[in-house]
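Let's look at a protein chain together, one question at a time. Have the sequence and the 3D view ready.

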Amino acid sequence: MKKSLKSLTDKKAFHIVIIIIIITVLLCILFGTILRYDVEGEKNMPFTLKKIAIISTSEGNDKENKENKWDFSVNQNNDIYIYIEKNNNYSKTEIIDSVVFDNFNFEKANEAGQIGVYKPDSKNENVIFRTTEENKLEKIEYIGDSVSEMKSLKMANQGDMIAFRIANCNIKEYISDDEEVINHMELLKKLNLTNEDLKVKTSFDITINLKSGKSFRTNANIELPVGDVVNEGTTSNEITDTSKFIFKRIKN
């Protein structure tokens, strides 16, 4: 029995089978680790996405050379506030180099209007956003700094609240000669629009770049506007369950 066992283990084929089994087990472990990372992402990032707050409103812009008392091009605005905070359970000290929002994609329910992404306005101190061409960008990048200055696209490098606007512009025109006063928050309702007409499925990437060279990225999917903006004029919502935003390391 011992001789036959020794004869078996001495055979080249036996060693090849053992090697194949070991490689298969290692590959299974590796595949399982990759699959788990793909589902769960980074488990202990230096900075975390705490929440996303959204404020939806309507806005009427006076048209030039208008012939009527009231002649507005109507926009539906969505101001998006991103809260990034330091992870106190992370043992090392890291510094935010920049946070980038890009790769915006929009799926509209209605053909009317043009979707755009807008940075905070740097000229008017009385408002955070103005939906103008000079503020329209394809990518929003906040630079980490010792101070926070949203209008200059600077953020505190240990975590901060940062923001941008997604606007559906020139949805319709509102023309009237009868009314003495116009409430801009009622323009969507006056135009007989529905919340379904305004619906936009939005996706974009959030990338956190650190001074150490590490970078983490997730893709965010949100539906705009939030709530019953047609009838209420101004609506808001907070996404506090950020577990669905899976960050993955893209640079070490």
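What follows is a conversation between a student and a tutor about this model.

Student: Before we start, what kind of model is this, and what is the mean pLDDT of the chain?
Tutor: This is a predicted model, in which local features need pLDDT of at least 70 and side-chain atom pairs count only at pLDDT 80 or more, while totals for chains, interfaces and linings use all residues. Residues are numbered from 1 along each chain as its sequence is written, and side-chain values use heavy atoms, with hydrogens and water left out. The score pLDDT is the predictor's confidence in each residue, from 0 to 100. In this chain 84% of the residues reach 70 or more, and the mean pLDDT is 86.

Student: How many helices and strands does the chain have?
Tutor: Helices (H or I, at least four residues) and strands (E, at least two) are DSSP runs, numbered from the N terminus. Counted that way, the chain has five helices and 11 strands.

Student: Which element has the highest mean pLDDT?
Tutor: At the low end is helix H1, residues 2–10, with a mean of 53. At the other end, with a mean of 98, is strand S5.

Student: In what order do the strands of the six-stranded sheet lie?
Tutor: Two strands pair if DSSP finds at least two bridges between them. Strand S6 (154–156) and strand S11 (248–251) each pair on one side only, which makes them the edge strands. The sheet is open, its pairing is mixed, and its order is S6-S5-S3-S8-S9-S11.

Student: Does S5 run parallel or antiparallel to S3?
Tutor: Strands of a sheet pair through backbone hydrogen bonds, either parallel or antiparallel. On the S6 side, S5 (residues 140–145) is joined by three bridges and the two run parallel. With S3 (residues 96–108), S5 forms four bridges, and that pairing is antiparallel.

Student: Which residue in S6 stands opposite isoleucine 143?
Tutor: Isoleucine 143 belongs to S5, and serine 98 stands opposite this residue too. In S6, the residue opposite isoleucine 143 is lysine 154.

Student: Which side chains of S5 point to the buried face?
Tutor: Buried means under 20% relative accessible area, exposed over 50%, and partly exposed in between (1.4 Å probe, protein chains only). The side chains alternate along S5, and Glu141, Ile143 and Asp145 point to the face where they are not buried. The buried ones, on the other face, are Ile140, Tyr142 and Gly144.

Student: Which residues touch the most other members of the largest nonpolar core?
Tutor: A nonpolar core is a set of buried Ala, Val, Leu, Ile, Met, Phe, Trp, Tyr and Cys residues joined through side-chain atoms within 4.5 Å. The largest one here has 39 residues. Those touching the most other members are Ile80, Ile82, Val99, Phe101, Tyr142 and Phe164.

Student: How many residues are in the other core, the one with Phe72?
Tutor: This core lies apart from the largest one. Among its members are Phe72, Val74, Leu188 and Leu191, and its size is 13 residues.

Student: Is leucine 153, with its positive phi, buried or exposed?
Tutor: Leucine 153 has a phi of about 60 degrees although it is not a glycine. This leucine is found in the loop between S5 and S6. Because its relative accessibility is 16%, leucine 153 counts as buried.

Student: Where is the proline that follows a cis peptide bond?
Tutor: The bond from leucine 224 to proline 225 is cis, with omega near -10 degrees. Proline 225 lies in the loop between strand S9 (215–224) and helix H5 (229–232).

Student: Which side chain makes a polar contact with the side chain of asparagine 221?
Tutor: Asparagine 221 is found in strand S9 and is partly exposed, with a relative accessible area of 48%. A polar contact is a pair of N or O atoms within 3.5 Å; within protein, one must be able to donate a hydrogen and the other to accept it, and residues adjacent in sequence count only if both atoms are side-chain atoms. At 3.0 Å, the partner of asparagine 221 is the side chain of asparagine 219.
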